[in-house]
Amino acid sequence: MSGMSKNLGHWQWEEAASGAVAGFTTVASLHPLDVVRTRFQVNDGRVTHIPLYKNTVNALFTIGRTEGLKGLYAGFHPAVLGSTVSWAEAGGLVCLCTNPIWLVKTRLQLQTPLHQTRPYSGFYDALRTILREEGVSALYKGMGPGLLLVSYYYYVSHGAIQFTVYEELRKLLLGFKGKEGKTNIPDDKLLNSIDYGMLGASSKVSAMLLTYPYQVIRARIQQRPGNDGIPKYMSSWHVVKDTVRFEGFPGFYKGITSNLLKNVPAASITFVVYENVLNIFKRARRKD
């Protein structure tokens, strides 16, 4: 029994470590697309502090030209922190812990030269300013959509679809390669990084499309109040009503192109890194 508990502990630690490495690699390589996506998400045609971009490529070049690398990697530190925590654990408790991190990330990403309010100088300055000017409750704006994303992600759509599809495709691919006379090869050696990348990308798209409106709602409600201190949106329902009124259904999919460009390769990178790091741990355990 103690041996089983020890192995279970090793397995959980290995999965958490693999997930953390995968999360950091993904965020570091694709963060500029996350910045572009966030700016498209909040652009309802009535904002004055976000430049109007023609498309994803134009947005990347414009941000790079006017704001430099700092603009393309705005909110990078909270993104790394939030992704690492989210990969290591899951569920409502993580949503409670990471919502302030995602809120700060969103606000840092939305800072442009057109802002009239004093910009946050970084993650900790943003936290201090939000607590001083808006109170603790402001750190939990978007918590409702966040909890829906968590429940969707792990139980209803995103995770149930993504990880089920990933595992089923993985089994099919293992079976196909096994029929080619490779049955004596362990699973961790039967599939390669290209296989993991294709599996990760193909399992991502449908799940992402289902949950995207919640991301738009959360991004819009997490915006910084104007100079008068009044938030643009008072609640998630306020976001829904105004989006339907002024933009219609397409408004809930603002920034979907940059989101696809970010998340499809992100899923590939994540699963490639995750599976390979996990395989390293497995092989090390076999030697023990």
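Where in the chain does Y233 lie? In this predicted model, where local features need pLDDT of at least 70, side-chain atom pairs count only at pLDDT 80 or more and totals for chains, interfaces and linings use all residues, Y233 sits in the loop between α10 (205–221) and α11 (236–246). Residues are numbered from 1 along each chain as its sequence is written, and side-chain values use heavy atoms, with hydrogens and water left out.

The chain has 12 helices and zero strands; helices (H or I, at least four residues) and strands (E, at least two) are DSSP runs, numbered from the N terminus. Of its 288 residues, 48% count as buried, where buried means under 20% relative accessible area, exposed over 50%, and partly exposed in between (1.4 Å probe, protein chains only). Y233 counts as buried because its relative accessible area is 3%.

Y233 also helps to line the largest cavity, together with K141, R220, I221, Q223, R224, P231 and K232. A cavity is a set of points on a 1 Å grid over the protein atoms alone where a 1.4 Å probe fits but cannot get out, and lining residues have an atom within 4 Å of a point. About 30 Å³ of space lies in this cavity, a volume being the space filled by probe spheres set on the points, which are joined across faces, edges and corners. The lining divides into three nonpolar, one polar and four charged residues (Ala, Val, Leu, Ile, Met, Phe, Trp, Tyr, Cys and Pro count as nonpolar, Asp, Glu, Lys and Arg as charged, and the others, Gly among them, as polar).

Some of these lining residues lead on to charged pairs. Side chains of opposite charge can pair when their charged atoms come close. With a salt bridge taken as a side-chain nitrogen of Lys or Arg within 4 Å of a carboxyl oxygen of Asp or Glu, the count comes to 12. One of them joins E247 and R220 at 2.6 Å, N to O. This pair links distant parts of the chain, with E247 in the loop between α11 and α12 (256–287) and R220 in helix α10, 27 residues apart. Both E247 and R220 are buried. K232 belongs to a network of salt bridges with D44, R46 and D242.

K141 forms a salt bridge with E134, the closest N and O atoms being 3.7 Å apart. K141 is buried, because its relative accessible area is 18%, whereas E134, at 22%, counts as partly exposed. E134 also pairs with R107, at 2.7 Å between the closest N and O atoms.

Terms used:
On a 1 Å grid over the protein atoms alone, a cavity is a set of points where a 1.4 Å probe fits but cannot get out, and a pocket is an open set with protein on both sides within 12 Å along at least five of seven lines; lining residues have an atom within 4 Å of a point.
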